[in-house]
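Thanks for coming. Please bring up the structure, and we will walk through it.

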Amino acid sequence: MTKEELVEYAIEARENSYSPYSNFAVGAALLTTEGEIYLGANIENAAYGLAMCAERNAIYNAYCHGVERDDIEALAIVADTKLPVSPCGACRQVIHELFPHDKKIYLANLRGDIKEMTADELLPYAFDSDDL
């Protein structure tokens, strides 16, 4: 699957966003090595701390269906932004722990801009189990 095709799945997932407070809809699509796609969209709540980002929803969705770290091939995240969307700090931490560090993460926008990253590039010097 091309990165553009995976971004299209993320755009589709974005349609499921529940973002009445920020009006900032985000979609994510996770691709496994078996070709399965797991979608996520951001879901907000009036108690803001209870909101969940699209990329974490996609990753957790995959894990809930038995996907493991080594089964993951790529992740695409998309929003209506000027530049390719960037994950928040909480998402970067989750990505660093649950996403393979040698696989691609595609940050995109609705204009067709795509930036390729890795988990280590998103969060250098991450806190991980070695720090415990």
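A residue is called buried when its relative accessible area is under 20%, and exposed when that area is over 50%. C91 comes out at 0%, so C91 counts as buried. Keep in mind that this is a predicted model.

Stay with the cysteines. How many disulfides does a search of the whole structure find? The search returns 0. C91 is in no disulfide. The nearest cysteine sulfur to C91 belongs to C53, 3.6 Å away. A disulfide needs the two sulfurs within 2.5 Å, so the 3.6 Å separation of C91 and C53 does not qualify. C64 is in no disulfide either. For C64 the nearest cysteine sulfur is that of C91, at 15 Å. Is C64 buried or exposed? Its relative accessibility is 69%, so C64 counts as exposed.

Next, the sheet. It is open and has 5 strands. The order runs β2-β1-β3-β4-β5, and the pairing is mixed. Which strands stand at the edges? They are β2 and β5, the latter covering 114-117. Each has a single partner strand, so one side of each is left without a neighbour in the sheet. On average, neighbouring strands are turned by 15° against each other, direction ignored. Now look at β4 and β5. They pair in the antiparallel sense, over 4 bridges. I105 has M117 of β5 as its bridge partner. A helix comes in here as well: α2 packs on the sheet and touches β1, β2 and β3. The direction of α2 makes about 140° with that of β2.

On to the core. In soluble globular proteins, nonpolar side chains tend to be buried together. Here the largest nonpolar core has 22 residues. Which of them have the most contacts inside it? They are L30, L75, I77, I95 and I105. Several elements each supply at least two residues of this core. The strands doing so are β1 (26-32), β3 (72-79) and β4 (104-109). The helices are α2 (54-64), α3 (89-98) and α4 (119-122). A second, separate core has 10 residues, including V7, A29, A74 and V78.

Let's zoom in on L30. Leave aside neighbours within four places in sequence. L30 is then in contact with E36, I37 and Y38. L30 also contacts A58, I59 and A62, plus I72, A74 and L75.

Now the aromatics. A search of the whole structure finds 1 aromatic pair. The partners are Y21 and Y48, with ring centres 6.0 Å apart and planes at 70°, so the pair is edge-to-face. Where do the two residues lie? Y21 is in the loop between α1 (3-14) and β1, and Y48 is in the loop between β2 (37-41) and α2, so the pair ties together parts that are 27 residues apart in sequence. Y21 has 39% relative accessibility and counts as partly exposed. Y48 is exposed, at 62%.

Last stop, I43. This residue also sits in the loop between β2 and α2. Its relative accessible area is 36%, so I43 is partly exposed. Which residues does I43 touch, leaving aside neighbours within four places in sequence? The contacts are N16, Y18, A51, M52 and N57. E4 is 39 residues from I43 along the chain, and their C-alpha atoms are separated by 24 Å.

That's the tour. Over to you for discussion.

Terms used:
Residues are numbered from 1 along each chain as its sequence is written. This is a predicted model: local features need pLDDT of at least 70, side-chain atom pairs count only at pLDDT 80 or more; totals for chains, interfaces and linings use all residues. Side-chain values use heavy atoms; hydrogens and water are left out. A nonpolar core is a set of buried Ala, Val, Leu, Ile, Met, Phe, Trp, Tyr and Cys residues joined through side-chain atoms within 4.5 Å. Buried means under 20% relative accessible area, exposed over 50%, partly exposed in between (1.4 Å probe, protein chains only). Contact means heavy atoms within 4.5 Å. Rings of Phe, Tyr and Trp (its six-membered ring) pair if their centres lie within 6.5 Å; planes under 30 degrees apart count as stacked, over 60 as edge-to-face and the rest as tilted. Two strands pair if DSSP finds at least two bridges between them. Axes are lines fitted to C-alpha atoms, for helices over the stretch in contact, and angles run from 0 to 180 degrees between N-to-C directions.
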